[in-house]
Amino acid sequence: MRRLGTALFWTTAGSLHFLRPRFYEAIVPPPLQRYKRQVVVASGIAELVGGLAVAPSRTRRLARAWLMATLVAVYPANVYMALEPERFRGIPRSLLWARLPVQGLFAWITWRGTE
């Protein structure tokens, strides 16, 4: 059941990059803004591929490493949001800061779902 939940979580998260690209483009940190579309597409694909790789037992360990690396790669966007709350007025400051430790929860969920 954990494996299915993890796969569903990541494929949903990856799909949202294509369903709501403007949101994801807005959270790309300034040094990467020039490539925001490519960053959003790449991160969405990374999440989709990782989510799909959770299901087969032969790719599960690779999916774990892939998704952990993806979490590390997207973490700067969460930091950017917390440090620049005026750019994200529709989201309470407390939630912007709460996103930082929540990434640890996502890592734990991913680890458990890929055992």
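# Notebook: helix packing and selected residues

**Entry 1. S15.** I looked up S15 first and found a relative accessible area of 28%, so S15 is partly exposed. The model I am reading is a predicted one. I located S15 in helix α1. I then took the distance from S15 to P76: the two residues lie 61 places apart along the chain, and their C-alpha atoms are separated by 20 Å.

**Entry 2. α1 against α3.** Two packed helices are described by the angle between their axes and the distance between the axes. I therefore looked up both values for helix α1 (residues 2–19) and helix α3 (residues 36–54): the axes come within 7 Å and cross at roughly 160°. Angles over 145 degrees count as roughly antiparallel, so α1 is roughly antiparallel to α3. I recorded the crossing of α1 past α3 as left-handed.

I next listed the residues in contact. On the α1 side they are R3, T6, A7, W10, T11, A13, G14, S15, H17 and F18. On the α3 side they are V40, V41, S43, G44, I45, E47, L48, G51, L52 and V54. S15 from the preceding entry is thus one of the α1 residues that meet α3. Sorted by class, the contact of α1 with α3 holds 10 nonpolar, eight polar and two charged residues.

**Entry 3. A42.** I looked up A42, which is found in helix α3. Its relative accessible area is 45%, so A42 is partly exposed. From A42 to S94, 52 residues apart along the chain, I noted a C-alpha separation of 28 Å.

**Entry 4. α1 against α5.** For α1 and α5 I found axes that come within 8 Å and cross at roughly 135°. This angle makes α1 oblique to α5. The crossing of α1 and α5 is left-handed. From α1, the residues R2, R3, T6, F9 and W10 take part, and they meet F106, I109, T110, R112 and G113 in α5. I counted the classes in the contact of α1 with α5 as four nonpolar, three polar and three charged.

**Entry 5. α4 against α5.** I turned to α4 and helix α5 (residues 93–113), whose axes come within 9 Å and cross at roughly 180°. At that angle α4 is roughly antiparallel to α5. The α4 side of the contact consists of R60, R64, L67, M68, L71, V74, Y75, N78, V79, M81, A82 and L83. The α5 side consists of L96, W97, R99, L100, Q103, F106, A107, T110, W111 and G113. By class I recorded 15 nonpolar, four polar and three charged residues for the contact of α4 with α5.

**Entry 6. Nonpolar cores.** In soluble globular proteins, nonpolar side chains tend to be buried together. I asked which residues form the largest nonpolar core. The nine are Y24, I27, V28, V40, A77, Y80, M81, F88 and L96. Helix α4 (residues 60–83) gives the most to this core, with three residues. Apart from this core lies another, of eight residues, including W10, A53, A63 and M68.

I followed M81 further, since M81 belongs to the largest core and also to the contact of α4 with α5. Leaving aside neighbours within four places in sequence, M81 is in contact with F23, I27, F88, I91, L96 and R99.

**Entry 7. L95.** I found L95 in helix α5. Is L95 buried or partly exposed? Its relative accessibility is 47%, so I entered L95 as partly exposed. L95 and K36, 59 residues apart along the chain, have C-alpha atoms separated by 23 Å.

**Entry 8. E115.** My last residue was E115, in the segment after α5. At 48% relative accessibility, E115 counts as partly exposed. I compared sequence and space for E115 and S57: they are 58 residues apart in sequence and 9.3 Å apart in space, C-alpha to C-alpha. Which residues does E115 touch, not counting those up to four places away in sequence? I found R2, R60 and R64. Of these, R2 also takes part in the contact of α1 with α5, while R60 and R64 appear on the α4 side of the contact of α4 with α5.

Technical notes
Residues are numbered from 1 along each chain as its sequence is written. This is a predicted model: local features need pLDDT of at least 70, side-chain atom pairs count only at pLDDT 80 or more; totals for chains, interfaces and linings use all residues. Side-chain values use heavy atoms; hydrogens and water are left out. Axes are lines fitted to C-alpha atoms, for helices over the stretch in contact, and angles run from 0 to 180 degrees between N-to-C directions. Helices (H or I, at least four residues) and strands (E, at least two) are DSSP runs, numbered from the N terminus. Angles under 35 degrees count as roughly parallel, over 145 as roughly antiparallel, 65 to 115 as roughly perpendicular and the rest as oblique. A crossing is left-handed if the near helix is turned anticlockwise from the far one by less than a right angle, and right-handed if clockwise. Contact means heavy atoms within 4.5 Å. Ala, Val, Leu, Ile, Met, Phe, Trp, Tyr, Cys and Pro count as nonpolar, Asp, Glu, Lys and Arg as charged, and the others, Gly among them, as polar. A nonpolar core is a set of buried Ala, Val, Leu, Ile, Met, Phe, Trp, Tyr and Cys residues joined through side-chain atoms within 4.5 Å. Buried means under 20% relative accessible area, exposed over 50%, partly exposed in between (1.4 Å probe, protein chains only).
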